[in-house]
Amino acid sequence: MKLIAESGSTKTIWKLKTDDAVETYETIGFNPLFISVGEIKEELGKSEMVFYKDKVKEIYFYGASCSSDARKKVIYDGLSFFFINATIVEVDHDLNAACIGLFGDKKGIACILGTGSNSCIWDGEKVTENIEALGYVLGDEAGGAWFGKKIVSMYLYKRLPEQISAYIKTHYHGDKNDIYHAVYTQKFPNRYLASYAKILTEFREDPFVQNLLEQGFEEFIQYHILPYSANASYTWGFVGSIAYYFQEELKRVCKRHGASQILIQKSPVDGLLAWHSN
């Protein structure tokens, strides 16, 4: 059995390939900046994949923040300790997942717009250029956590439209102390902030939301696409929930900057499955 996983900070999609079928599972995101080996084992143990822990032979995991040997080792150890008979366990960065899922062996600019954000140049075989991703505190422009941070700060400043502010009070813990506790003392603050991005869907037609989407996508393109010298000639590809659900607004901003070919996928996991099946 082969197991292919694509993980962001919020969730992981798993594809289990047997000889004659493919099964799909979902867990929380396995970001090595925020999760331990023990927590990985615990989460896998709560999933239906527990029934296959001694049958999986190959694992190909692509995840957010899996860009250094130390971070990859956290994921590798967690997977190896759980899937006890796996003889191949490969851990790679989620940018490579985006590249493979979007372009395969073709060239392009691969972008991630999920909980966080990132981009790179893919030459059909490997990443050749990558602008530094600064994470949810300093960067992640147009990622879910970035949008959530903007919404929360405007809420606390009392600068939101009244209907959005009322929605937060009703559907979220809108007390300032609760927000501070979640952001500054609890685990997964980026995931917490990204939960506020659902407001973008709830109030999509509101001028405040449309302006915020425009600002986020504009900043992402300015910082993460235009600096590449090949940006005008390459296809721009995007994966992630923010890109997928707000592709109308995203395409509008991209076309303003001369993008003629735009690809958008919710997740690259099906492309990864095909890649590793071949």
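Helix α8 (residues 189–195) supplies the largest share of the lining of the largest pocket, four residues. The model here is a predicted one. That pocket comes out at a volume of about 1,300 Å³. Its lining runs to 50 residues, and the ones closest to the centre are Gly8, Ser9, Gly114, Thr115 and Gly116. Sorted by class, the lining breaks down into 23 polar, 16 nonpolar and eleven charged residues.

Next comes the second largest pocket, with a volume of about 320 Å³. Here the lining is a mostly nonpolar affair: ten nonpolar residues, plus one polar and one charged. Helices α4 (135–138), α5 (144–156) and α7 (176–184) each chip in with at least two lining residues. Among the residues on the list are Tyr136 and Val137, then Lys149, Val152, Ser153 and Leu156, and further along Ile179, Tyr180, Val183 and Tyr184. Leu193 also lines this pocket.

On to the packing. Nonpolar side chains tend to be buried together in soluble globular proteins. In this model, the largest nonpolar core takes in 46 residues, with Phe217 and Phe238 having the most contacts inside it. Helix α10 (residues 207–224) gives this core its largest share, seven residues. Apart from this core sits another one, of 22 residues, including Ala5, Leu16, Ile59 and Ala86.

So what does Phe238 touch, leaving aside residues up to four places away in sequence? Its partners include Leu102, Cys111 and Leu113, along with Phe220 and Ile225. Ala243, Leu250 and Cys254 are also touched by Phe238, as are Ile262, Leu263, Ile264 and Gln265.

Technical notes:
Residues are numbered from 1 along each chain as its sequence is written. This is a predicted model: local features need pLDDT of at least 70, side-chain atom pairs count only at pLDDT 80 or more; totals for chains, interfaces and linings use all residues. Side-chain values use heavy atoms; hydrogens and water are left out. On a 1 Å grid over the protein atoms alone, a cavity is a set of points where a 1.4 Å probe fits but cannot get out, and a pocket is an open set with protein on both sides within 12 Å along at least five of seven lines; lining residues have an atom within 4 Å of a point. Grid points are joined across faces, edges and corners, and a volume is the space filled by probe spheres set on the points. Ala, Val, Leu, Ile, Met, Phe, Trp, Tyr, Cys and Pro count as nonpolar, Asp, Glu, Lys and Arg as charged, and the others, Gly among them, as polar. A nonpolar core is a set of buried Ala, Val, Leu, Ile, Met, Phe, Trp, Tyr and Cys residues joined through side-chain atoms within 4.5 Å. Buried means under 20% relative accessible area, exposed over 50%, partly exposed in between (1.4 Å probe, protein chains only). Contact means heavy atoms within 4.5 Å.
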